[in-house]
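Trainee: I would like to learn how to read the packing of helices in a model such as this one. Could you take me through it step by step?

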Amino acid sequence: MRSETLALAPAFNFFPNLKPPHKTLAFHQISVLIITFLAYASFHASRKPPSIVKSVLGPTVQANWSSVDTGWAPFDGPRGTHRLGELDLAFLSAYSIGMYFAGHVGDRIDLRLFLVFGMMCSGILTIFFGLGYWFDVHVLGYFMAVQLLCGLVQSIGWPCVVAIVGNWFEKGKRGLIMGVWSSHTSVGNIIGSVVASGVLEFGWGWSFVVPGVLVILVGIVVFLFLPVCPEDLGFESPVKEIQMNVEVNGVENLEEKVESEEAGLLGSETADFGTENADADADTGSLAAVGFLEAWRLPAVAGMHLSHKTAGNLSAIFDIGGVFGGILAGLISDMLEARAVTSIAFLLLSVPALVLYWLYGSLSMVANIVLMFLSGLLVNGPYSLITTAVAADLGTQTTIKGNSRALATVTAIIDGTGSVGAALGPLLAGYISTTGWNNVFVMLILAIFCATLFLIRIARTEIKGKLNEGKWSLYSRIGGTQ
């Protein structure tokens, strides 16, 4: 049993009018979306400072025949860039490893309390990193240790918020809803970039302290107001309603439902053990490949020297495009009822967008902004689908009898494996950039093609299923009218 609601959020005891029948199911669904949105946006805001302050911590930059910045030991030497990349690797490696355990634990304890624990620890550790500025810390081990611990506690956030949202919404509406909701990643990145850049002039430590405090404050809101599932407030679960309808309609409808589930992105994982391994590798691999594109936020490649604040703000354009990309991909996938086909389309379109940025991003600031926005839109679309709607579909599909307890674990497996790619991306970009930025773009394009290849098998299953159902075949529709 799911911990039988270890503790209802305190606000519902302090303010009884928040409970039914005073407030409807729709009201609480919206409130859950808003609170989890803010929670994960704050997580991502606290991850941005390292990328913003790299230009201050890293080796001296030469511009206009004069030195810019003195760096911060131990990141200011000849190996400074490599050490900063290793710092990212430490965080993301711990994040990906912790994700597997976080999902497993999250399915067995109160998700709200687990999420709050992760947010509080994340905020404190982010502040600790910034304190290195005032305490004049120059020991690499200190920063590595903080990043490792921060990666572990940050891994708690994603499986928790996806599991909670999955408890409140039925599958048929998840694509669009989670497409809008998943923009929290981009919104958090934007907030983190703007805040960290805005206070950077007062000292790089503030770029960590302010986002850390933000996470803690939002964690308090989560503790007070977030209900984990509809049953906690006396509502019937939308997921369970789907399950009951299947049982009432009989075995035949159940078999049809299972077939349609298997046609979905990642759905064929449940067909048998062998298929499960093959498809799981395919899809988590695709997420890993998309994760390489975290290294794609490279505003300084425009052939001009930008201030630290301007470069940080410019990188937010990518995330703004990502907001629209997640929404658009979710809407299209709901219309087509095909997650993999939608993802492949976005990935293939992102290749020419990346090439255009490579060739013309340095022409002007306007061209840079437009092409970065377009790239963010196309890259974040499949990323949002795989890490939100697909994960929720898997965790509550009928082949596991609507068991939503699996939701946090499934989400953790997908995003955790993808984080391996996210960990390798910045590291590879750091090393490859020493041979020229053109090679970094080649790496990103190859990563996109790898992601596409991993999705082809599932896309074929989706297309075949839709053609058999006559939904995508003009010939079948004409034939059916004769």
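Mentor: Let us settle one term before anything else: contact here means heavy atoms within 4.5 Å. Please also keep in mind that this is a predicted model.

Trainee: With that meaning of contact, which residues of helix 4 meet which residues in helix 5?

Mentor: On the side of helix 4 they are L87, A102, V105 and G106, and their partners in helix 5 are L111, F114 and F129. The residues of this contact divide into six nonpolar and one polar, with no charged residue among them.

Trainee: How do the axes of helix 4 and helix 5 lie relative to each other?

Mentor: An angle between N-to-C directions runs from 0 to 180 degrees, and one over 145 counts as roughly antiparallel. The axes of helix 4 (residues 80–106) and helix 5 (residues 111–134) come within 12 Å and cross at roughly 165 degrees, which makes helix 4 roughly antiparallel to helix 5. The crossing of these two helices is right-handed.

Trainee: And what is the arrangement of helix 5 and helix 10?

Mentor: Their axes come within 7 Å and again cross at roughly 165 degrees, helix 10 being made up of residues 206–225, and helix 5 and helix 10 are therefore roughly antiparallel to each other. The crossing of helix 5 and helix 10 is left-handed, and the residues of their contact divide into 19 nonpolar, six polar and one charged.

Trainee: Turning to a single helix, which residues of helix 3 are buried?

Mentor: An α-helix has 3.6 residues a turn, so residues three or four places apart point the same way. In helix 3 (residues 49–57), the buried residues are P49, P50, I52, V53, V56 and L57. Because they cover an arc of only 155 degrees around the axis, they are on the same side of helix 3.

Trainee: How should I read a single position such as H184: is it buried or exposed?

Mentor: The cut-off for buried is under 20% relative accessible area, and H184, at 0% relative accessibility, therefore counts as buried. H184 is found in helix 9 (residues 184–199), and, leaving aside residues up to four places away in sequence, H184 touches F37, Y40, A41 and W158.

Trainee: How many helices and strands does the chain have?

Mentor: The chain has 19 helices and two strands, and of its 482 residues, 54% count as buried. Among contacts between residues at least 6 apart in sequence, 79% join residues at least 24 apart.

Definitions and conventions. Residues are numbered from 1 along each chain as its sequence is written. This is a predicted model: local features need pLDDT of at least 70, side-chain atom pairs count only at pLDDT 80 or more; totals for chains, interfaces and linings use all residues. Side-chain values use heavy atoms; hydrogens and water are left out. Buried means under 20% relative accessible area, exposed over 50%, partly exposed in between (1.4 Å probe, protein chains only). Helices (H or I, at least four residues) and strands (E, at least two) are DSSP runs, numbered from the N terminus. The arc is that of the directions from the helix axis to the C-beta atoms. Angles under 35 degrees count as roughly parallel, over 145 as roughly antiparallel, 65 to 115 as roughly perpendicular and the rest as oblique. A crossing is left-handed if the near helix is turned anticlockwise from the far one by less than a right angle, and right-handed if clockwise. Ala, Val, Leu, Ile, Met, Phe, Trp, Tyr, Cys and Pro count as nonpolar, Asp, Glu, Lys and Arg as charged, and the others, Gly among them, as polar.
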